[in-house]
There are 2 protein chains.
Amino acid sequence: MKLVDCSGKESCKEKTLAFRDAIELLGGKWKVFILQHLSFGTMRFKDLQETIVGISPKVLTKELQDLEQNHLITRTVNHTKPITVSYSLTPYAYETQAVYNALLEFGTKHRRKIKNK
Amino acid sequence: MKLVDCSGKESCKEKTLAFRDAIELLGGKWKVFILQHLSFGTMRFKDLQETIVGISPKVLTKELQDLEQNHLITRTVNHTKPITVSYSLTPYAYETQAVYNALLEFGTKHRRKIKNK
DNA sequence: CTGTATCCACCTTGATACTG
DNA sequence: CAGTATCAAGGTGGATACAG
């Protein structure tokens, strides 16, 4: 049995790179929290900062830029006074659903396994 | 729609922690390569070091210990002369299959999307 | 309000030499 | 052969002050 099937047309290297990309994109320290909260609806910068306890503005900015560059969220400037900015998930973000489901299932199982040891 | 369903008996926090655990466990820089190569069969330390180009012995040791502590691989000392050590996947390691499949699918799709931009 | 600038501490990775 | 010890370097995350 193989974890990665390298017999297809695409090279094995290409596939391992795809893994790393996906893990990097979804795997940061805060990405899950941000995406999760945004999946409940649009939020502003300040909302996110208050909801995600412990994150600094610099890091939040970086994570949001990262997600935006990868088309998982959209950033909208509201020309209010003072200016506010809204973040929300793109339809594309929901294509990560399968990944999250699989990670959730394995992670939950694994935590039980490790704890009961 | 929600990326994480927090309506069940288990708390939302517990679930996000499960994500992070899973991602940390599978997401290192070399983990995919190691698990992938081991999925083709048992390998010795030296084999891994030669196959996984660019990894230093220190890092390889650390990654292997990490995987062993999480029951994804087994470490077997062969009392040859000189001593050799074999590494192989545990049956449990194959429970990560769904995660890898999902990551592979999303990662491949994502690379195409980013590249065609 | 929404970030950016600055500075700092830590961790991870890495190269290399060395030990049992 | 299979690691460990040592030292260096870079990136990441974090606290805080400040700017537009």
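**Strand pairing, chain contact and DNA surfaces in a predicted model**

In chain B, strand S2 (residues 73–78) runs antiparallel to S3(B), and six bridges join the two strands. The model described here is predicted. Within this pairing, B:Val77 stands opposite B:Val85 of S3(B). The connection from S2(B) to S3(B) is a hairpin that passes through five residues.

In chain A, three strands form an open sheet with the order S1-S3-S2 and antiparallel pairing. Strand S1 (43–44) and strand S2 (73–78) of chain A are the edge strands, each pairing on one side only. S1(A) and S3(A) are antiparallel and are joined by two bridges; A:Arg44 has A:Ser86 of S3(A) as its bridge partner. Helix H2 (residues 31–38) of chain A packs on this sheet, where it touches S1, S2 and S3 of chain A. The direction of helix H2 makes about 95° with that of S3(A).

The two protein chains contact each other through 54 residues from chain A and 54 residues from chain B. About 5400 Å² is buried between chain A and chain B, and carbon and sulfur atoms give 70% of this area. On the side of chain A, A:Leu3, A:Phe106 and A:Arg111 supply 14% of the area that this chain buries against chain B, more than any other three residues.

DNA strand C is surrounded by 19 residues, the closest of which are A:Lys46, A:Arg75, A:Tyr87, B:Lys29 and B:Lys58. Of the atoms of DNA strand C that come within 4 Å of the protein, 62% are accounted for by sugar and phosphate. Several secondary-structure elements contribute to this surface: helix H3 (45–51), helix H4 (57–69) and strand S3 (84–89) of chain A, together with helix H4 (57–69) of chain B, each supply at least two residues. By class, the surface near DNA strand C comprises nine nonpolar, three polar and seven charged residues. Contacts to phosphate oxygens of DNA strand C involve both backbone and side-chain atoms. A polar backbone atom of A:Val85 is 3.1 Å from a phosphate oxygen. From chain B, a polar side-chain atom of B:Lys29 lies 2.8 Å from a phosphate oxygen of this strand, and an N or O atom in the side chain of B:Trp30 is 3.3 Å from a phosphate oxygen.

Around DNA strand D there are likewise 19 residues, of which A:Lys29, A:Lys58, B:Lys46, B:Arg75 and B:Tyr87 come nearest. Sugar or phosphate makes up 66% of the atoms of DNA strand D within 4 Å of the protein, and the rest belong to bases. H4 of chain A and, from chain B, helix H3 (45–51), H4 and strand S3 (84–89) each supply at least two residues of the surface near this strand. The residues of that surface divide into nine nonpolar, three polar and seven charged. A side-chain N or O atom of A:Lys29 is 2.7 Å from a phosphate oxygen of DNA strand D. In chain B, the side chain of B:Tyr87 places an N or O atom 2.7 Å from a phosphate oxygen of this strand, whereas B:Lys46 contributes a backbone N or O atom, which lies 2.9 Å from a phosphate oxygen.

How values were computed. Residues are numbered from 1 along each chain as its sequence is written. Chains are lettered from A and ligands numbered from 1 in the order in which they are written. This is a predicted model: local features need pLDDT of at least 70, side-chain atom pairs count only at pLDDT 80 or more; totals for chains, interfaces and linings use all residues. Side-chain values use heavy atoms; hydrogens and water are left out. A residue is near a molecule or strand if one of its heavy atoms lies within 4 Å of it. A polar contact is a pair of N or O atoms within 3.5 Å; within protein, one must be able to donate a hydrogen and the other to accept it, and residues adjacent in sequence count only if both atoms are side-chain atoms. Helices (H or I, at least four residues) and strands (E, at least two) are DSSP runs, numbered from the N terminus. Ala, Val, Leu, Ile, Met, Phe, Trp, Tyr, Cys and Pro count as nonpolar, Asp, Glu, Lys and Arg as charged, and the others, Gly among them, as polar. Two strands pair if DSSP finds at least two bridges between them. Contact means heavy atoms within 4.5 Å. Axes are lines fitted to C-alpha atoms, for helices over the stretch in contact, and angles run from 0 to 180 degrees between N-to-C directions. Buried area is the accessible area (1.4 Å probe) that two parts lose on being put together, summed over both.
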